[in-house]
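Welcome, and thanks for taking a look at this one with us. Please open the structure below and keep it beside you as you read.

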Amino acid sequence: MGKANESRREIEVLRERISALSAAILRINASLDLTTVLQEAVDSACALTAARYGIITTTDEAGEVREFVTSGFTPDEQRQFVDWPDGPKLFGHFRDLPGPIRLTDLPAFVRSLGFSPELMRSKTFQGTPMRHRDVHVGNFFLAEKEGAPAFTDQDEEILLLFASQAATAITNARIHRDERQTRADLEALIEISPVGVVVFDARSGRPASFNREARRIVEGLRTAGRPAEELLDTMTFRRADGREVSLGEFPITDLLSIGETLRGEEVEFSVPDGRSVRTLINSTSIHSADGGVASVVVTMQDLAPLEELERLRTEFLSLVSHELRVPLTAIKGSTDTLLEEGADLDPAEMREFHRIIHEQTAHMRGLIGDLLDAGRIEAGTLSVSPEPSEVAVLVDRARNTFLSGGARHAVAIDLPPDLPRVMADRRRIVQVLNNLLANAARHSPEATPIRVTAVRDGAHVAVSVSDEGRGIAPEQLPHLFLKHAGPAAERPVSDTGLGLVICKGLVEAHGGRIRAESAGAGQGSRFTFTLPMVEDARRSEHANPAALVTGTPLEAGEPVRVLVVDDDPQTLRFVRDALTKAGYAALVTGEQEDLARIIRTEKPSLVLLDVVLPGTDGIALLENIPELADLPVVFISGYGRDENIARALEAGAADYIVKPFSATELAARVGAALRRVARPEPFALGELAIHYEARRVTVAGREIELTATEYELLRVLSLNAGRVVSYDTLQRQVWSGSAGGIDLVRNFVKKLRAKLGEDAENPTWIFNVRGVGYRMPHP
């Protein structure tokens, strides 16, 4: 009888256990939120196995821990566990286990592995790796079985069951996340596309969605205060063959049901009051499972900008034709006179005609040279040959050329005596200066001087040409360096408008920048361009190996590594060849997903990163991948709009190169970016001064003695002044990623503040951003 009762009790216990297990699995499957699912799994596993503690960790493709879900821990115990220095190494050991493990003396096991068991308060332990289709996604741990000396086989079965459920949930959550991200990326790409996109529902004929550009195109046809959808009832469109269709008489549902595909057809949309817009239309039908037309995707491109560009091109060609015709007419007239009436001319008259032929030929050669240079710049094939040059010599040569050409303006030169040499193609930079001097002369009275100045600007020298002329309206400043910029009426006669375009191309080929400034009409203007500075030979001997002298790496030691990330194989090949020719060790990849691992493995000194990449953009990678934030990043992009460049630089980019670019410009910009990192300018913020090359820190002139770690911490914070530096970044850059946790960073910041004499409650230099890290204000 006793055995029967005992059997009934065992059956009842088993039934309760199965019921609890089924209920737990139902709760797990009832949620799509990964954190909720993992928390339910670890809580249920603890309850069914009588474990006091439970931990689930998930890992990404690189093996980095992503989620850390616990059960049974107090907040203080969890914090101690997270900050435990040996934690990552111990988890790394458990992560590589081939299968489940059960222990009856966890502290002894941890000690045998060479780790400190200070936090191992539990003796009984079981754990297992979580895998889904042979892919490792995390680990599941249970500890301290209550009321028993060890976990049982049944406990292990429950652990494996919940681990399998959790692995499936993790995989499904990641698939769902990736699908949502892909959909969001696609929607964002369509929304910001420069081409209008409209999706029509074939049944109702109404637009299901349309992007920003599509709304802009039809905005000019819409009646104020009325929705754009009403245009479908009043709009008429005329096709390229002349056929006109009124959507009011022939509903769009009938048009869509046909499923006609259009490719590059010009269509003019108009409304009854005469307003119209010409577009280039493409359309594709999306078919349902039964073969019918479910929806139609229509793309439209506004032809107005293209028509304006064609008008400007025609105007430009007309202007160039006129410019070439003027000297040709003078040459033709002079030669005709010499040939037909040469016998009747005295020597003085003949010399005058020869002078005209000579001058006009030289003028024509200059015009043709400008056209060729402009073509090379537009094609990205313009090359320069920089060499160490004195700025004063270049300015003096340009002034002599300018004055010998008959200029009547005085040229005032103001250059500091200690101005460093620059890397410059001397003939080309003299050409830039001559263009700027001629531009200043054309737009200012002869009685006013033209001033040329230069100052050191970080790793560059900035050269400025200023005049006191009619000035430039603010709205015209962004367009000065563009080809075909502005109508002909705004340009002086005998000016092709190529001078400033050529200046921009030549300066950027040297790795510099050019800009224009003016306070407005009648206030004069100033044009400033920069050239990379040449390092002093004495300082080069002691320079960081990554420093550059002439735009290429130093010959001693291993070549500087540059990582190139771009999804375009042609760009990768061109950049790789250009960098290799310049003496760099080029590493190329088109896979941004593996970027963090590549940086950790290859340890490049600089990264060239494409702005537009599949599924993401380079700026987002810079903001989200910590390894990128530790390196100088130079963006390469076909998008040269000011807002794109500004966004990249604000995110922390070292430079931004617009395609197409020459190999010379690429090498020069890479060299300049590396020089800025290797030898930054001294830092000064109030009474605090940091002299990086001397590793010297002073407060109000008093030198502060810092340890190597304290100095490195201050150096990293100051080099990122104006930005928040996270705890992780500080650990990685100051302590080379060694374990120590947030407390280690906080302790060293406390010591550093004490030596600088700064009050943590009322800081002057180092500010705490709670829960994130620290920041220093920008000087």
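Here is a short tour of the nonpolar cores, two buried loop residues and two backbone angles. Please keep in mind that this is a predicted model. Its largest nonpolar core has 41 residues, and a separate core of 29 residues lies apart from it.

**Nonpolar cores**

- Within the 41-residue core, the members that touch the most other members are Leu-433 and Phe-529.
- Several elements each supply at least two residues of this core: helices H12 (391-404), H13 and H14 (499-509), together with strands S15 (422-424), S16, S17 (460-467), S18 (514-517) and S19 (525-532).
- The top contributor is H13, which gives eight residues to this core.
- Phe-529 is a good residue to centre your view on: beyond four places in sequence, it touches Ile-429, Val-432, Leu-433, Leu-436, Val-461, Ala-462, Val-463, Val-507, Arg-513 and Ile-514.
- The other core, with its 29 residues, includes Tyr-692, Leu-713, Trp-735 and Phe-748.

**Buried loop residues**

- Thr-448 sits in the loop that links helix H13 (426-442) to strand S16 (450-457).
- Thr-448 counts as buried because its relative accessibility is 15%, and the cut-off for buried is under 20%.
- A polar atom of the Thr-448 side chain lies 2.7 Å from the backbone oxygen of Pro-445.
- Once neighbours within four places in sequence are set aside, the contacts of Thr-448 are His-409 and Glu-468.
- Asp-566 belongs to the loop between strand S20 (561-565) and helix H16 (569-581).
- With a relative accessible area of 0%, Asp-566 is buried.
- Again leaving out neighbours within four places in sequence, Asp-566 is in contact with Thr-571, Leu-572, Thr-589, Gly-590, Asp-610, Leu-613, Ile-636 and Lys-659.

**Positive phi angles**

- As background, most residues other than glycine have a negative phi, so the two alanines below deserve a look.
- Ala-50 is not a glycine, yet its phi is positive, at about 60°.
- You will find Ala-50 in the loop between helix H2 (34-49) and strand S1 (51-59), where its relative accessibility of 28% makes it partly exposed.
- Ala-700 also has a positive phi, near 55°.
- Ala-700 lies in the loop between strand S29 (696-699) and strand S30 (702-703), and at 57% relative accessibility it counts as exposed.

Key:
Residues are numbered from 1 along each chain as its sequence is written. This is a predicted model: local features need pLDDT of at least 70, side-chain atom pairs count only at pLDDT 80 or more; totals for chains, interfaces and linings use all residues. Side-chain values use heavy atoms; hydrogens and water are left out. Helices (H or I, at least four residues) and strands (E, at least two) are DSSP runs, numbered from the N terminus. Buried means under 20% relative accessible area, exposed over 50%, partly exposed in between (1.4 Å probe, protein chains only). A polar contact is a pair of N or O atoms within 3.5 Å; within protein, one must be able to donate a hydrogen and the other to accept it, and residues adjacent in sequence count only if both atoms are side-chain atoms. Contact means heavy atoms within 4.5 Å. A nonpolar core is a set of buried Ala, Val, Leu, Ile, Met, Phe, Trp, Tyr and Cys residues joined through side-chain atoms within 4.5 Å.
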